[in-house]
Amino acid sequence: MDTFFISHGSPTRSPSTTRCRRATSSSHGCPPPPRAILVVSGHWETAAPAVNVVHGTNDTIYDFYGFPDQMYKLTYPAPGAPDVAKRAKQLLEDAGFGPVAEDRRRGLDHGAWVPLMLMYPEANVPVCQLSVQTDRDATYHYDLGKALAPLREDGGVLIVGSGSATHNLRRILRSFAPTSHEPAPRWAAEFDAWLKESLLGGRHDDVKRYQEKAPYAEVAHPRPDHFYPLHVALGAAGEGCEAELVHHGWSNATLSYASYRFATKN
């Protein structure tokens with residue numbers, strides 16, 4: 001099973017039938033419903049890896065503010081995937097990433113439910129989440145993804161990294177309106193183009209060393225929380241995987257919606 005990195009963008013994408021739906025529709029490579037889904041979201045940061053072990057239905061977390069009232073009425077009541085969470089915990093601990101914490105109270109943050117609401121709107125696929133560690137580097141997260149590969153190889157689990165190809169909220173707030181058609185500024189456009197060329201060209205080592213290899217890396221990602229999910233998805237797809245750009249677009253002229261599918265080579 002292939003893996004995905006989805007630039008989930010603003011929570012207001014969830015009622016939309018464009019952008020994210022186009023990025024993840026079956027015609028663009030989204031697989032039929034898997035046995036379960038593991039989401040690595042840029043909105044869950046912990047000092048050490050953690051998984052949410054939910055028996056029953058996942059709560060919908062509204063981890064944002066200042067949006068229209070309708071946003072706080074949306075729900076994504078997907079069942080939990082405690083067996084997948086515990087398997088992920090074991091795989092990571094066996095690979096030396098432990099101890100891995102079990103969070104039995106946390107539901108799905110908007111980094112998970114915004115894209116999943118459009119990928120699988122029926123909310124009938126079990127879902128669990130894995131946190132990111134922003135005090136570690138990209139190689140750490142790539143290797144973390146490699147440790148999780150058995151989930152997709154023999155467990156029928158779809159691994160989704162959810163973040164953003166560019167993510168500088170300070171620059172967004174000072175830039176253009178969401179509906180602006182202004183061209184992306186140089187820092188965003190050049191980083192986004194570098195990422196596409198690196199992924200499609202199979203330069204995984206460069207992507208792991210993006211802070212020294214990419215133009216404007218510190219501006220495009222002043223914090224790595226929304227970029228590390230890409231490294232997990234890339235690592236989980238395996239060495240030599242092929243990247244496909246499944247969607248591209250911009251919001252606020254600075255927020256890239258570039259989303260990728262990583263196809264595993266047999």
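**Exercise 1.** Which residues touch the most other members of the largest nonpolar core?

*Solution.* First, the ground rules: this is a predicted model, with local features needing pLDDT of at least 70, side-chain atom pairs counting only at pLDDT 80 or more, and totals for chains, interfaces and linings using all residues. Residues are numbered from 1 along each chain as its sequence is written, and side-chain values use heavy atoms, leaving out hydrogens and water.

Next, the term: a nonpolar core is a set of buried Ala, Val, Leu, Ile, Met, Phe, Trp, Tyr and Cys residues joined through side-chain atoms within 4.5 Å. Buried means under 20% relative accessible area, with a 1.4 Å probe and protein chains only.

Now the pick: out of 51 core residues, it's Leu-148, Leu-151, Leu-199, Tyr-210 and Phe-262. The top contributor is helix α11 (residues 228-237), which puts in seven residues; helices here are DSSP runs of H or I, at least four residues, numbered from the N terminus. There's also a second, separate core of 21 residues, with Met-117 and Tyr-120 among them.

**Exercise 2.** Work out why α11 is largely enclosed by the rest of the structure.

*Solution.* Count first: 10 of the 10 residues of α11 are buried, so the helix is largely enclosed. Then look at who they are: the list includes Tyr-228, His-231 and Gly-235. Right after α11 comes Gly-238, with a positive phi near 100°.

**Exercise 3.** Find the α11 residues that Phe-262 touches.

*Solution.* Use contact as heavy atoms within 4.5 Å, and skip residues up to four places away in sequence. Phe-262 then touches Leu-230, Ala-233, Leu-234 and Ala-237, which are buried residues of α11. Beyond the helix, its partners include Asp-2, Phe-5 and Leu-199.

Technical notes: Buried means under 20% relative accessible area, exposed over 50%, partly exposed in between (1.4 Å probe, protein chains only). Helices (H or I, at least four residues) and strands (E, at least two) are DSSP runs, numbered from the N terminus.
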